[in-house]
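This report describes how a protein chain is divided, what surrounds its ligand, and how its nonpolar interior is arranged. Please keep the sequence and the structure in view while reading.

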Amino acid sequence: MSTRHFLNTQDWTRPELDALLAQAARFTRERIGRDLAGKSIALLFFNASMRTRTSFELGAFQLGGHAIVLAPGKDAWPIEFGTGTVMVGEEEEHVAEVARVLSRYVDLIGVRAFPKFQDWSLDRKDRVLNAFAKYADVPVINMETITHPCQELAHVMALKEHLGDLKNRKYVLTWTYHPRPLNTAVANSALMIATRYGMDVTLLCPTPEYILDPRYMDFARRNVAENGGSLKISHDIDEAYRGADVVYAKSWGAIPYFGRWSGEKPIRDRYRDFIVDERKMALTNHGLFSHCLPLRRNVKATDAVMDSKACIAVDEAENRLHVQKAIMAALVKGAAQ
Ligand code: CP
């Protein structure tokens with residue numbers, strides 16, 4: 001039987017996701033457990049993190065397990081991912097050995113590897129994550145690559161805590177300005193999980209260039225067909241915010257400009273008004289606001305929005321701990337069966 005990974009929520013059925021959320025809710029009430037007793041997880045960070053690292057390390061500890069954090073290229077050897085590469089460059093070992101050796105030591109492997117932001121046709125292959133999934137003999141968890149499935153579960157858990165049933169709630173995923181082009185991972189993920197839970201989703205972005213990769217737009221359309229709800233694209237801020245139950249903000253780089261970002265900069269600089277502010281939130285149906293964090297205040301959202309009762313970003317961040325414990329426990333249990 002092939003190893004079960006947690007790479008993308010689309011690989012998991014709705015009942016399976018619901019079971020993870022139910023277990024996560026139990027972990028909010030009972031934080032200490034033995035689900036990972038004697039087990040360990042290697043957390044490979046190719047990029048920086050605050051929440052993901054802290055919540056995975058702490059989550060493993062609270063369930064009786066142990067986490068080992070590695071930063072390849074910094075405190076661990078740089079890794080080669082190519083096939084058939086003559087390794088005369090900086091990389092000292094191949095992912096085949098890294099994944100196989102770690103699989104002899106640990107029970108789970110977490111991977112964070114952002115895009116290189118040079119060529120989307122390469123980045124969209126999610127090469128680092130898929131290589132670990134290919135070569136590892138233990139379950140691999142996506143800690144954010146070109147999607148962020150752990151964030152998805154934490155997000156939907158926070159929405160359910162505040163709204164109950166999510167079906168046909170109006171959900172706005174809004175692009176926001178940021179001085180640099182950022183990863184599309186959280187936006188892809190928000191689109192997938194909101195449509196998975198039957199919400200009426202509006203993707204609000206400045207121009208058609210900011211529409212997300214067709215793979216994720218197609219997942220979202222398929223989710224609507226299977227779960228109800230709806231999906232539309234808007235470039236009209238007020239129309240999108242009007243009556244919204246949820247506003248989820250994220251900045252991302254326009255895919256047609258990957259690798260030639262100087263061409264994108266004048267476009268993004270024109271749309272600083274996409275900031276989430278009190279005027280826009282007043283158009284909503286007493287809507288909730290959230291963001292995956294980290295967030296630049298008064299660039300993506302104002303102080304007033306961040307400090308308002310509508311803001312559930314910290315609840316969502318807390319839920320990272322609970323959902324990741326549920327994911328680790330489920331994967332370890334599955335591997336033992
Ligand atoms: N939201 C999130 O993944 O936070 P970090 O980048 O701090 O891990």
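## Basis and domains

The domain bounds used below come from an automatic or database domain assignment, and the model itself is a predicted one. On that assignment the protein is divided into domain 1, made of 9-147 + 320-336, and domain 2, which covers 150-316.

The C-alpha centres of domain 1 and domain 2 are 25 Å apart. To the contact between them, domain 1 contributes 33 residues and domain 2 contributes 34 residues.

## The ligand shell

Where does the ligand lie with respect to the two domains? Because domain 1 (9-147 + 320-336) and domain 2 (150-316) both give residues to the shell around the ligand, the ligand lies between them. The shell consists of Ser49, Met50, Arg51, Thr52, Arg112, His148, Gln151, Cys292, Leu293 and Arg320, and by class these are three nonpolar, four polar and three charged residues.

Several side chains place polar atoms at short listed distances from oxygen atoms of the ligand: for serine 49 the distance is 2.7 Å, for arginine 112 a polar side-chain atom lies 2.9 Å away, and for histidine 148 an N or O atom of the side chain is 2.8 Å from a ligand oxygen. Taken alone, the ligand exposes 260 Å², of which the protein buries 94%.

## Nonpolar cores

The largest nonpolar core has 91 residues, and those that touch the most other members are Phe6, Ile41, Ile141, Tyr171, Leu173, Trp252 and Phe289. Since domain 1 (9-147 + 320-336) and domain 2 (150-316) both give residues to this core, it lies between them.

Leaving aside residues up to four places away in sequence, isoleucine 141 touches Phe6, Ile41, Phe56, Ile109, Gly110, Val111, Leu129, Cys150, Ile327, Met328 and Leu331. A second core, separate from the largest, has 23 residues, including Leu7, Leu44, Val106 and Val138.

Technical notes:
Residues are numbered from 1 along each chain as its sequence is written. This is a predicted model: local features need pLDDT of at least 70, side-chain atom pairs count only at pLDDT 80 or more; totals for chains, interfaces and linings use all residues. Side-chain values use heavy atoms; hydrogens and water are left out. A residue is near a molecule or strand if one of its heavy atoms lies within 4 Å of it. A polar contact is a pair of N or O atoms within 3.5 Å; within protein, one must be able to donate a hydrogen and the other to accept it, and residues adjacent in sequence count only if both atoms are side-chain atoms. Accessible areas come from the Shrake-Rupley method with a 1.4 Å probe; for residues, only the protein chains shown count as cover. Ala, Val, Leu, Ile, Met, Phe, Trp, Tyr, Cys and Pro count as nonpolar, Asp, Glu, Lys and Arg as charged, and the others, Gly among them, as polar. A nonpolar core is a set of buried Ala, Val, Leu, Ile, Met, Phe, Trp, Tyr and Cys residues joined through side-chain atoms within 4.5 Å. Buried means under 20% relative accessible area, exposed over 50%, partly exposed in between (1.4 Å probe, protein chains only). Contact means heavy atoms within 4.5 Å.
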